[in-house]
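Here are some short exercises to help you find your way around a new structure. Try each task yourself, then read the solution step by step.

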Amino acid sequence: MKSWDERIDEVWANASGEEVGDDTIARIDALAAERGSDDARAEFERAGARDSAGRPAEAVTLYRRALQLGLDDEHRPQCVIQLASSLRNLGEYEHALDVITAEERLSADGPYRDAVATVRALILASAGRPAAGLSVALLALVPHLPRYHRSMTAYAHEIADLDT
């Protein structure tokens with residue numbers, strides 16, 4: 001018999017490449033029900049289904065609940081990233097920035113640091129600060145460049161102030 005995680009992964013794999021709708025939400029909700037409403041991971045998956053279906057307000061409530069219940073080290077940063085992205089989609093830019101900035105400090109060397117920077121860049125751009133967003137994106141790319149670290153870092157810092 002497949003594990004719960006394998007069955008969740010299967011639902012997401014089947015939804016890949018298509019618009020997530022009520023069917024995917026129902027399948028995720030059925031699996032989440034197996035674990036109960038006090039299970040952080042189940043709430044996280046329920047949130048993700050709604051987020052993917054374009055229901056960010058519903059997702060935000062569930063992401064917050066999942067964080068409150070306590071997620072493991074793998075899913076907690078994913079939840080924070082997705083929460084910040086949903087808040088951005090709702091136009092709650094300052095709150096989204098607070099959430100993603102806190103995660104940036106908490107997991108500066110974590111495996112999701114580039115995803116955190118990407119979401120931060122999107123939030124800044126959506127909030128009317130595109131130069132600051134570009135600066136964040138460039139700084140996230142610098143470590144992946146084979147050369148030009150010093151000059152690109154300097155340019156990224158210079159660009160950051162162009163919104164003011």
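**Exercise 1. Find how much surface the protein chain exposes and what share of it carbon and sulfur atoms supply.**

Solution. Keep in mind that you are looking at a predicted model. Step one: the exposed area of the protein chain is about 9200 Å². Step two: carbon and sulfur atoms account for 51% of that area. Step three: turn to the inside, where buried residues make up 38% of the 164 residues.

**Exercise 2. Describe the overall build of the protein chain from its helices and strands.**

Solution. Start by counting: there are nine helices and zero strands. Read from the N terminus, the order is therefore α-α-α-α-α-α-α-α-α. Next, look at the extent: along the principal axes, the C-alpha atoms fill a box of roughly 55 × 35 × 30 Å. Finally, check the contacts between residues at least 6 apart in sequence: 49% of them join residues at least 24 apart.

**Exercise 3. Work out which elements and which kinds of residue line the largest pocket.**

Solution. First, the volume of this pocket is about 260 Å³. Second, two helices, α7 (113–126) and α8 (130–141), each supply at least two lining residues. Of the elements, α7 gives the most, with five residues. Third, pick out some names: the lining includes Arg113, Asp114 and Val116, as well as Leu139, Pro143 and His144. Fourth, sort the lining by type, which yields seven nonpolar, one polar and four charged residues.

**Exercise 4. Follow α7 along its length, then list its buried residues and what covers them.**

Solution. Begin with the length: α7 has 14 residues and spans 20 Å from its first C-alpha to its last, close to the 20 Å expected at 1.5 Å a residue. Just beyond the helix, α7 is followed by Gly128, which has a positive phi near 90°. Now look for residues under 20% relative accessible area, the cut-off for buried. In α7 these are Val116, Ala117, Val119, Ala121, Ile123 and Leu124. Their cover includes α5 (75–89), α6 (93–106) and α8. Val116 and Ala117 also belong to the lining of the largest pocket.

**Exercise 5. Repeat the analysis for α6: what are its buried residues, and which helices do they pack against?**

Solution. Length comes first again: α6 has 14 residues and reaches 20 Å between its end C-alpha atoms, close to the 20 Å expected. Its buried residues are Ala96, Leu97, Val99, Ile100, Thr101 and Glu103. These residues of α6 pack against α5 and α7.

Technical notes: Residues numbered from 1 in each chain as written. Predicted model: local features only at pLDDT ≥ 70, side-chain atom pairs only at ≥ 80, totals over all residues. Heavy atoms only, no water. 1 Å grid on protein atoms, 1.4 Å probe; cavity = no way out; pocket = protein on both sides within 12 Å on 5 of 7 lines; lining within 4 Å. Points joined across faces, edges and corners; volume = space filled by probe spheres on them. Helix = DSSP H or I, 4+ residues; strand = E, 2+ residues; numbered from the N terminus. Nonpolar A, V, L, I, M, F, W, Y, C, P; charged D, E, K, R; others polar. Expected span 1.5 Å × (residues − 1). Buried < 20%, exposed > 50% of the residue type's maximum accessible area, 1.4 Å probe, protein only. Contact = heavy atoms within 4.5 Å. Areas by Shrake-Rupley, 256 points an atom, 1.4 Å probe, with all protein chains shown as cover.
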